[in-house]
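Work through the exercises below with the model open. Each task is followed by a solution in steps.

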Amino acid sequence: MMPIAVPRVGVEDKPLVQDVRVEDLSALVIRSATVRDVHGMSALINHYASSNVMLARGPQYLYQHIQDYMVATAPSADDGQEVVVACGAVHVLWEDLAEIRSVAVHPLCQAQGFGKRLVAALVGRCRDLGLPRVFAFTLAAPFFSKCGFSEFKRDDMPAIVWVECSKCPKFYCCDEIGMILEL
């Protein structure tokens, strides 16, 4: 049997998400992710996945989909090394539809408008690609509503969405709300 996770040997006392020093969130740059960001993205996403707030993402998935992701980094409070403090992805499903996935913002960077700025950057990427609409399945519907998205009936989505959803561990008991934005 193949293992589904790699144990974190020797880091039992280290928190999954490191403390960061961020004095001015407006100075943080949102950029395309690189392979150097993968472990930080996985730590941030899985910090929230451990509370069932979002779906877990391991390094293999993130490496395979790195071109979908955008990130922002800031210096760690411990050693000044860059730490991923925000990430999110745009996954194109068809010529007229993309999904925003894995939006995560470090706990110390929340409630200051940075998540909204990240979603705006992801939506901008959709516009640059010429997509007429983008959606998200989320447990944070009020947040996406503040970003201009509206709730939609899941049954109205094309079959390509359900092909993707069928791979999800929540497929048979999904509690996420569909939110869509016409561009």
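**Exercise 1. Decide whether Asp 96 is buried, partly exposed or exposed, and find its salt-bridge partner.**

Solution. The model is a predicted one.
Step 1: The relative accessibility of Asp 96 is 28%. Buried means under 20% and exposed means over 50%, so Asp 96 counts as partly exposed.
Step 2: Asp 96 forms a salt bridge with Arg 133, with 3.6 Å between the closest N and O atoms.
Step 3: Asp 96 sits in the loop between S3 and S4, while Arg 133 belongs to strand S5, so this pair ties together parts that are 37 residues apart in sequence.

**Exercise 2. State how many salt bridges the structure holds, and describe the pairs formed by Asp 37 and by Arg 101.**

Solution. Step 1: There are three salt bridges in the structure.
Step 2: Asp 37 meets Arg 31 side chain to side chain, at 2.8 Å from N to O. Asp 37 is buried, at a relative accessible area of 7%, whereas Arg 31 is partly exposed, at 28%.
Step 3: Arg 101 pairs with Glu 99, and their closest N and O atoms are 3.0 Å apart. Arg 101 counts as buried at 9% relative accessibility, and Glu 99 counts as buried at 11%.

**Exercise 3. Give the strand order of the sheet and identify its edge strands.**

Solution. Step 1: The open sheet has seven strands, in the order S1-S2-S3-S4-S5-S7-S6, with mixed pairing.
Step 2: Strand S1 (31-32) and strand S6 (150-151) each pair on one side only, and these are the edge strands.
Step 3: Strand S4 (residues 97-105) and strand S5 (residues 133-138) run parallel and are joined by two bridges. Ala 98 stands opposite Val 134 in S5.

**Exercise 4. Describe how helices H1 and H3 lie on the strands.**

Solution. Step 1: Helix H1 (residues 38-49) lies across S2, S3 and S4, at about 85° to S3.
Step 2: Helix H3 (residues 114-128) lies across S1, S2, S3, S4, S5 and S7, and runs at about 155° to S4.
Step 3: The chain has five helices and seven strands, and along the sequence they follow the pattern β-α-α-β-β-β-α-β-α-β-α-β.

**Exercise 5. Compare the radius of gyration of the chain with that of a compact globule.**

Solution. Step 1: For 183 residues, a compact globule would have a radius of gyration near 16 Å.
Step 2: The chain has 16 Å, which agrees.
Step 3: Buried residues make up 43% of the 183 residues.

Notes
Residues are numbered from 1 along each chain as its sequence is written. This is a predicted model: local features need pLDDT of at least 70, side-chain atom pairs count only at pLDDT 80 or more; totals for chains, interfaces and linings use all residues. Side-chain values use heavy atoms; hydrogens and water are left out. Two strands pair if DSSP finds at least two bridges between them. Helices (H or I, at least four residues) and strands (E, at least two) are DSSP runs, numbered from the N terminus. Contact means heavy atoms within 4.5 Å. Axes are lines fitted to C-alpha atoms, for helices over the stretch in contact, and angles run from 0 to 180 degrees between N-to-C directions. The radius of gyration is taken over C-alpha atoms; the globule rule is 2.2 Å times the number of residues to the power 0.38. Buried means under 20% relative accessible area, exposed over 50%, partly exposed in between (1.4 Å probe, protein chains only). A salt bridge is a side-chain nitrogen of Lys or Arg within 4 Å of a carboxyl oxygen of Asp or Glu.
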